[in-house]
Amino acid sequence: MLNNKNDENKVVSLKKKRVKNKSLDGSKKIISQDVKKLKLLVTIINRSRAILYLDTIEQFDVNFQMVIYGKGTATSSMLDMLGLGQTETDKAVIFSVINEAKTKDVLETLKEKFEKVKNGTGIAYTIPLNSVIGVSIYQFLSNNRIGK
């Protein structure tokens, strides 16, 4: 249940927001702060390349990344029919929260890596995030702290 007295439990709507801030002399001033829209980037790659892609994505001011390891792929007959041959079955799924403005650059960089790195193929897509619970959490994820 949300408690309106505690900023940590408020839902941050991703719209333009006015923030009250106390200065050192105790007076309150209102700061207009643009709220950055966020997206969840999902990257599915071969497990052996997980560190390479984590480092690549981190270059785009990403404060949160999570890796989940998985196993599996299509059957070998399906892979042969598609002309993909045998592929590594150990996968890594990377979840990263990124600024919407950097989405195009991140996806283009990942596409280049998929094409140039040996056994570096993968899938990457984004999902929009419409709200986040907690002002501090939003500021961490968006790299958008007051006074920064």
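Which residues make a nonpolar surface patch of about 330 Å²? Phe64, Met66, Ile68 and Phe140 make this patch. The structure is a predicted model. The protein chain has four helices and eight strands, and 28% of its 148 residues count as buried. The points below cover the overall fold, the nonpolar cores, the surface patch and the loop that holds Val35.

**Overall fold**
- Along the sequence, the helices and strands of the protein chain follow the pattern β-β-β-β-α-β-α-β-α-β-β-α.
- Among contacts in the protein chain with a separation of 6 or more, 70% are between residues 24 or more positions apart.
- The protein chain has an accessible surface of about 10000 Å², and carbon and sulfur atoms account for 53% of that area.

**Largest nonpolar core**
- The largest nonpolar core is made up of 14 residues.
- Leu41, Ile45, Tyr53, Ile57, Ile94, Val106 and Leu110 are the residues with the most contacts inside this core.
- Two or more residues of this core come from each of E4, helix H1 (50-58), strand E6 (90-99) and helix H3 (103-116).
- H1 gives the most to this core, namely four residues.
- Leaving aside residues up to four places away in sequence, Val106 touches Leu41, Phe60 and Ile98.

**Second core and the loop with Val35**
- A second core, separate from the largest one, has eight residues, including Val35, Val42, Tyr138 and Leu141.
- Val35 is located in the loop that runs between strand E3 (28-33) and strand E4 (38-46).
- The relative accessibility of Val35 is 14%, so this residue counts as buried; the cut-off for buried is under 20%.
- Val35 and Ser142 are 107 residues apart along the chain, and their C-alpha atoms are separated by 8.5 Å.

**Surface patch**
- Met66, one of the residues of the nonpolar patch, lies in strand E5 (residues 65-71).
- Met66 counts as partly exposed because its relative accessibility is 38%, which falls between the limits of 20% for buried and 50% for exposed.
- Phe64, Ile68 and Phe140 join Met66 in making the patch.

Conventions: Residues are numbered from 1 along each chain as its sequence is written. This is a predicted model: local features need pLDDT of at least 70, side-chain atom pairs count only at pLDDT 80 or more; totals for chains, interfaces and linings use all residues. Side-chain values use heavy atoms; hydrogens and water are left out. Patches are made of residues with over 30% relative accessible area and no salt bridge: like charges are joined within 9 Å, nonpolar side chains (Val, Leu, Ile, Met, Phe, Trp, Tyr) within 5 Å. Accessible areas come from the Shrake-Rupley method with a 1.4 Å probe; for residues, only the protein chains shown count as cover. A salt bridge is a side-chain nitrogen of Lys or Arg within 4 Å of a carboxyl oxygen of Asp or Glu. Buried means under 20% relative accessible area, exposed over 50%, partly exposed in between (1.4 Å probe, protein chains only). Contact means heavy atoms within 4.5 Å. A nonpolar core is a set of buried Ala, Val, Leu, Ile, Met, Phe, Trp, Tyr and Cys residues joined through side-chain atoms within 4.5 Å.
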